[in-house]
Amino acid sequence: MPSGALLFQSVLLGLLLGGLYALLASGLTLYFGIMRVVMIAHSAFLILAAYLAWWLHDQAGIDPLLSMIGTVPLFFLAGVGLQRALLTRLRPATLTMMSVLLTFAIALLIEGLLGYAFSGTQRRINLGYGSASLEVLGARVAVVKLIAFGLAVVALTTLYLLMKKTRFGWALRATIQHRDAARLLGIDTDRVAGFGFGIGLATAAVGGTALSLDTTIYPSLHWHWIGPLMAIIVVGGLGSVPGAAIAALVLGMAQSLLQIPMGTTWAQTVFYVALFATLAFRPQGFFGGRLAQRF
Amino acid sequence: MIVTLGACSSSSGGDDANDKTDPITIGVSLPLTGDFSEPGKGVQQGYEAWAKIVNDSGGLLGRQVELKILDDQSNADRVVADYEQLIGKDEVDLVFGPFSTRLVVPSARVAEEYDMLFVEPAGAAKEVFEQGFKNLFYAAPAVANDHYNHLADKILAMPADQRPKTAAYAAMDDPFAQGTAYGLKEKLEAGGIKTLVDEVYPPNTTDFSGIAAKIADSKADVLVGGSQYQDGVNLIVALQQLGYQPKLAAFSTAPTNPEFASAIGNKTEGVLSPTGYSQDAQYPSNKEFVEKYTAQFGKAPEEDQANGYTTGQVVAAAVTAAGCAEQGECQKKLVDWLRANTVETVVGPLSWDETGKPKGAHMIQQWIGGDIKIVLPEDVKEAEFLYPKPAW
């Protein structure tokens, strides 16, 4: 039986990990909601953002948090461009299927270019505060993990307010719920979908920066992330941002706690067990279906 | 590709083995291209440095040595054909081993068939010594499981009130990395030091917070990492974040990396690591090797080069003692001599058991005052062993 201190420490680590997962998964579920696009390259963009943060820190000594000033708008524009130039050209009837192939190719392209530019060596940003930590009721919380969690909270809150409180958000949700009806009401759904895609990639820029604060990065790392993230959005219900966030917190916590009895290797399987169970018993996901449409 | 080296006093009697002015030819197959080309070239440089140093000082038994190096393209079939050709057709007098376990095992089998002495620079995996080879000798201080032997002895020799009582182990799922950590674990457990955490992680792990939480919670006195490079750094940073302070911390490979200190925020004081070769080691022949190697190649030798050179030293010692270097009866004399004697090399004195496994251990280095220094064994130490480790 693990000690209380270890359990509490693991719960804290799980919460911090879950927050990061929530941010990383939110963009992925948004793409599917807006366009029925399965975006395999999402995690490749995460790693790209992490590399940009690392590179700017390495070359110019810029703190990763500052690098977001550049990367977030850049990724937003890249997202809009990607949607307008490539994804809209896919035939609607086979869009979901073909988007897997298209974004798979983009992921390979990004991985290859990263390997070409920075080699396959593992990189890590050496921050002055990299090993600093705060004490919380006897457990330790690393400052970098707290910053990453803070970024996730801010980004998700912004996304939520954007979707709920702005005219653009209403238009975006209308596009998610019923594209034809939205168009009949005078919403330029193509433009909205492009911006929605841009927002998805902008979350990848924030997520990648958060990721770079506390982990090693290497070009093929995105394959390590896409599986768990896909599992999260299926469990949460495809297209549902709150569903993805809740599923991310639950699964992140489960992974962290399962590491105590099962070890690192087997704890990773929690995502796939949850994925199989969801597909077998509740294919629409736990927060999908009607809830996703209402959001 | 054939590379010939050394001053060949050619056309002096052809194949006549009794003509003692002939150069001694040594056949080698190395992976100069393919998967192992990097270490393969390193070993080649070690062999070439050895041949040059021997020839410059008058050769072996008064004869010059000549290397005949073939490229096996890191291919196990090719390496067998190469040694068949070298021994059978080219009738070389001696052979040196190739690089890596995967190539050492098949080529050792060929050498065994022809009853040739087979000293090899790299093939440290357990299976090499489980094939029943009678002519094989591994020319390095220790196999992975024995890397930490000096450290284990040191810990177990501490007075009971100072000796650590508990230990935590975290090892990458990799035969070499696990071998080092588990070798130490076995010895410490046998000495009564309790294992509190024993974690294995996949090679691509980037998040070590879970493992670190377990280790920190156990408050183990000793921390042992069966690491390569980045995983060791990540584990240390995750442990620092959790405020864990072990009395002793040892990691394989990672601490000897030039970027290690800055990667963990320069909090390296007291971190230990085993090492097979050090340019600073005070073994008698090492100084000459480092000096002459640097003069020949323009940079100091690393472990691969040292392993190649060591192979040459081992064979040379046997040849000098047995007074012969040719195929046939002589090879048996060389094998018997090595079986019974200790050879002084650039990596320390080497001796072997009946399977060809070296009986030694790696030197232990420790970060002291911002630099990594040899602390064990006592006879080559550059600094005093520091215990307990200062906080990181």
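In the predicted model, residues 23-369 of chain B have end C-alpha atoms that lie 50 Å apart. Helix makes up 41% of this span and strand 18%. The stretch coincides with an annotation in an unreviewed UniProt entry, where residues 23-369 of chain B are recorded as "domain: Leucine-binding protein".

Chain B meets chain A through 25 of its residues, which are in contact with 25 residues of chain A. On the chain B side, two or more residues each come from strand S8 (194-201), helix H6 (209-218), helix H7 (230-241) and helix H8 (260-263). By residue class, the side of chain B that touches chain A comprises twelve polar, nine nonpolar and four charged residues.

In chain A, helix H11 runs over residues 270-281. Its twelve residues, at 1.5 Å a residue, should span 16 Å, and the end C-alpha atoms are indeed 16 Å apart, so the expected and modelled spans agree. The buried residues of H11(A) are Val270(A), Phe271(A), Ala274(A) and Thr278(A). These four cover an arc of only 100° around the axis and therefore lie on the same side of H11(A). Phe276(A) and Ala280(A), in contrast, are exposed on the other side of the helix. The packing partners of the buried residues of H11(A) are two helices of chain A, H9 (222-236) and H10 (241-267). H11(A) thus has a buried side, with Val270(A) and Phe271(A) among its residues, and another side on which Phe276(A) is one of the exposed residues.

Terms used: Residues are numbered from 1 along each chain as its sequence is written. Chains are lettered from A and ligands numbered from 1 in the order in which they are written. This is a predicted model: local features need pLDDT of at least 70, side-chain atom pairs count only at pLDDT 80 or more; totals for chains, interfaces and linings use all residues. Two residues are in contact if their C-beta atoms, placed from the backbone, lie within 7 Å. Ala, Val, Leu, Ile, Met, Phe, Trp, Tyr, Cys and Pro count as nonpolar, Asp, Glu, Lys and Arg as charged, and the others, Gly among them, as polar. UniProt positions are given in the numbering used here, feature names are shortened, and annotations may be inferred rather than shown by experiment. The expected span of a helix is 1.5 Å times one less than its number of residues. A residue is buried if 20 or more other C-beta atoms lie within 10 Å of its own, exposed if 12 or fewer, and partly exposed in between; C-beta atoms are placed from the backbone. The arc is that of the directions from the helix axis to the C-beta atoms.
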